[in-house]
Structure formats: structure tokens, C-alpha cells
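Student: I have a model open and I do not know how to read it. Can you take me through some features?

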Amino acid sequence: MRSRISQSSILWRQVWGLAALLAAIIFSWMAYGFYQPRILEKQGFTGIASSLGILQGLLGAVVEPYFGIVSDRVMRRVGSRLPMIAAGVTLAGMIFVVVSLLLEGELPSSLRWLIPVLMTIWVIAMIVFRGPAIALLMQFAPSAELPQANVILVLIFGLVGAVGPLLGNLIQHLGASLTFMLGAVVLIVGALLLWSAKPQYTLPIKQSSQPLPTFLRSVLIFGVGLGAGLEVNLLLRPFPVLLHNILPSIGTEYITSGMLLVSGLSGLFLERLILRLGVKKAMKISLGAIAILMGLTLLTRNSRLAVGLVVAFGVAFGLLFTSQIPFALTVVPPTWAGLGTGLYFGGMGAATALISLLQQYDEITPIIGFWGGAIAFLIATSCLSAIRFSSTTRLPFA
């Protein structure tokens, strides 16, 4: 491993700085997701708590690609995505502080509308810099080594996700006001760690004028994100509960944590496989494996097999997570990397909104999750098959 890293041209210091910001983003989303419905109910917005989640998912579907294009244009004008990242981190941190201060006292009824408005603006602020930050990976690693560099991001995602139950206890103990204040601090610290890694020192990228991806290509990238997002959401909502019924001594949240931990660790060993298969084939295999494992989960009542399924789900996640960002960055020309990540994560945002909408009408059972996951697999793989890498985007592992 050491020899491979030393011989690569990946800017590892910058990659680790980006991973620190990613960890801050994940913690902030955890804090937001935990307290958003509770705060809205407390302020008398019980009726719109779930509807706001749908609206914010739809906002992500539209705003992610838009700010992806903006970040690409900023990149060409000033030679860096850092101004957008700084603006987004600052705005998100300020909103956390403002909401924290508002929650300290009793809000007058005439000002309670500020809470859902600020929460929606916070989501937009996070979107402003999340996609552009991930697009930085294109500047920190050569195209052919993106899966190897992305392993670090997947590892951090898996580790932070794995300690989710512990962070949840901490968040609950602190209360909403202190948690949001801590979220602001964590975001600023994550940004400072990225800055200390000297992200302005990047690999040279040819900045020649290249046209926007075609509308069809953009729709296909969005469709891949939609299908992948649907499948992941449909797995993580009903299936940990089903596995908990087979393994009653393990809590539902710890089953999810186990999947995420395995996904983060397995990425360390899967990047070689992705280089051999190509990112498109790796994504198809991972999504197909998730759908098959969902079906097997419905058929088993054996505790040992259930433990094996948790590990297998984690490995399938690891293959998906390690290949999805290289896919989003390389399916478009290098000068439109922000748009690529925006389209992919915009599709995932649309998937989250759709699942939230379905949950308003009926509970998503494991059987519904399986059939929905099968449909999501067909959507994602059909879009992947329809995408052709052009001469400007084709990679050794495409």
C-alpha cells in the first residue's frame, strides 16, 4: 500500500483536508436531521414537518446542478472553487448560530416562521459548497487514480456513519441550541483543515473551452443518481428493522452503523477491482448486489445468515460509494466536474424527496422496498448503459 501511494501523483494532503470537511458536513447533516422535525413540532409546524423534507429534497434536485454549473464558471474565472466553498460554509455556519440563539429563548408567535425559512436556507447553503467541495477531488488526483483517492472519502464517510448512534446520544444530550452551535464550529474547523492542506496547490487541468454536456447526457447522469438514491433509501429504511427482528440483540441503528463501517473499510480493498471493472460496471454490480441481497433478506430467518447479510450489504455499499464520485467526475469533461457532481447528487436528492413523499401515504415495508429497489436498479443501470464516454471523458477504467 505504501509503495502504491508513494508512486502515485495524488495530492494526499489535500485529499485528507477534503475528508475533514466531509466529516464536518456529515455531522452537520446528522444534527439537522435529528432536530429539524422536533424543532418544527415544538414551534407549532407539525403539519409541515414532513412536507418541508420533501420540499428540501426537491430543492436539492434543482439547486445541486445549478450551483454545480456556477462553481465550474467560478473555477474558470478565478481558477478555484474555494470562494464558493467559503461562502457556503460561512452562510451555513451563521444560520446554525442564528437558529441556536433563537432557540435559547421563547420565540414570539410572529417570528416562528423564521425557523422553517432558516432551515430551508441552511439546506441551500450546504448545497452551495457540498458539490463544489467534492469536485475538488478532480484537482487532487489524476483521472485514472480517482477511485484510489476517493477511498479516503468513503473511509471517513463510513467511520463517521458508524459512530452515528454515539453522535446521536451526544446530540440529544446537548440539546438543539448547543448542537447547532457545535455544528457551526465543526463546519468552520472542517473548512480550516481543508485550507491548512493548501487546496490551492492542485494538479494541472486543461481549462480549454468545452461545451456543456448534452441535455440527454445530463438527464442520464441525473437518472443514475435517482436510481442509486432510491435503492439506498429503500434499503436503509425498512431492512435494518427486518434484520433487527432476526437479530433482536442488535439495535436497528447499530445494524445500519455496521453496514456503513464495513462500507468504509471495504473501500480500501475495492479500488483495484473498480480499476479492473470500470466505474460503470462497478456501479451496476453494486446496485445489482444490493437488490439481490434485499431479496435474500426477505427469505431468511437465520441469525448467522443475517450477520453475513449485514456484511454483504456493507461491501456492496463500499463498491457503490467508491465508484460513484469517480463516475460523476469523469462522465463529463473536466471543466464541468461541478455539474457532474451536481447532477448525480441532484438525482439522489430527488430520490430522497420521492421516498419521503411515499412515506406520507403508507409505510414502506420490506417487500415494497425490495420491489422498489428492483425498479431503482433498472432505472440506474439503464441510464448507465445509455451513457457513452466521449474521447474527452473516456478513462482507462470507464
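Tutor: We will go through rings, charges, burial, contacts and a pocket. Keep in mind that this is a predicted model.

Student: Let us start with rings. How many aromatic pairs does a search of the whole structure find?

Tutor: The search finds 13 aromatic pairs. To read a pair, look at the distance between ring centres and the angle between ring planes. Planes under 30 degrees apart count as stacked, and over 60 as edge-to-face.

Student: What kind of pair do Tyr32 and Trp122 make?

Tutor: Their ring centres are 4.7 Å apart. Their planes meet at 15°, so this pair is stacked. Now place the two residues on the chain. Tyr32 is in helix H2, and Trp122 is in helix H5, which covers residues 114-135. They are 90 residues apart, so the pair links distant parts of the chain. Both Tyr32 and Trp122 are buried.

Student: And what kind of pair do Tyr66 and Phe67 make?

Tutor: Their planes are at 75°, so this pair is edge-to-face. The ring centres are 5.2 Å apart.

Student: Which of these two is buried and which is exposed?

Tutor: Burial is read from relative accessible area. Under 20% is buried, over 50% is exposed, and in between is partly exposed. Tyr66 has 51%, so Tyr66 is exposed. Phe67 has 18%, so Phe67 counts as buried.

Student: Which residues do ring pairs link into a cluster?

Tutor: Ring pairs link Trp29, Tyr32, Phe34, Tyr35, Phe96, Trp122 and Phe180. Find Tyr32 and Trp122 again in that cluster.

Student: What lies over the face of Phe34?

Tutor: Arg38 does, at 3.9 Å from the ring centre. Here you look for a charged end placed over a ring. There is another case to find. The charged end of Arg76 sits over the ring of Trp336, 4.3 Å from its centre.

Student: Now single residues. Where is Glu231, and is it buried or exposed?

Tutor: Glu231 is in helix H10. Its relative accessible area is 0%, so Glu231 is buried.

Student: What does Glu231 touch?

Tutor: For contacts, set aside the residues up to four places away in sequence. Glu231 then touches Leu287, Ile290, Ala291, Gly373, Ala376 and Phe377. Take Gly373 from that list. Glu231 and Gly373 are 142 residues apart in sequence, but their C-alpha atoms are 4.7 Å apart in space.

Student: Which other residue in helix H10 can I look at?

Tutor: Try Ser218, since helix H10 spans residues 215-236. At 15% relative accessible area, Ser218 is buried. Beyond its neighbours within four places, Ser218 is in contact with Pro213 and Leu343.

Student: How far apart are Leu167 and Met30 in sequence and in space?

Tutor: They are 137 residues apart in sequence and 8.3 Å apart in space, C-alpha to C-alpha. Leu167 is in helix H8, residues 164-174. It has 17% relative accessibility, so Leu167 counts as buried. Outside its neighbours within four places in sequence, Leu167 contacts Phe27, Met30 and Val160.

Student: What about Leu102 and Ile221?

Tutor: They are 119 residues apart in sequence and 40 Å apart in space, C-alpha to C-alpha. So read sequence distance and space distance separately. Leu102 is in helix H4. With a relative accessible area of 21%, Leu102 is partly exposed. Its contacts, leaving aside neighbours within four places, are Leu107, Ile115 and Leu118.

Student: What stands out in the backbone at Lys198?

Tutor: Lys198 has a positive phi of about 55°, although it is not a glycine. Lys198 lies in the loop between H9 and H10. At 37% relative accessibility, it counts as partly exposed.

Student: Last, the second largest pocket. What is its volume, and what lines it?

Tutor: Its volume is about 230 Å³. There are 13 lining residues, and the closest to the centre are Ile39, Lys42, Gln43, Leu103 and Ala176. Next, ask which elements supply the lining. Helices H2 (12-42), H4 (82-104) and H9 (176-196) each give two or more residues. H2 gives the most, with four.

Student: How many of the lining residues are nonpolar, polar and charged?

Tutor: Six are nonpolar, three are polar and four are charged.

Technical notes. Residues numbered from 1 in each chain as written. Predicted model: local features only at pLDDT ≥ 70, side-chain atom pairs only at ≥ 80, totals over all residues. Heavy atoms only, no water. 1 Å grid on protein atoms, 1.4 Å probe; cavity = no way out; pocket = protein on both sides within 12 Å on 5 of 7 lines; lining within 4 Å. Points joined across faces, edges and corners; volume = space filled by probe spheres on them. Nonpolar A, V, L, I, M, F, W, Y, C, P; charged D, E, K, R; others polar. Phe/Tyr/Trp six-rings, centres within 6.5 Å; stacked < 30°, edge-to-face > 60°. Buried < 20%, exposed > 50% of the residue type's maximum accessible area, 1.4 Å probe, protein only. Lys NZ or Arg CZ within 6 Å of the ring centre and 35° of its normal. Contact = heavy atoms within 4.5 Å.
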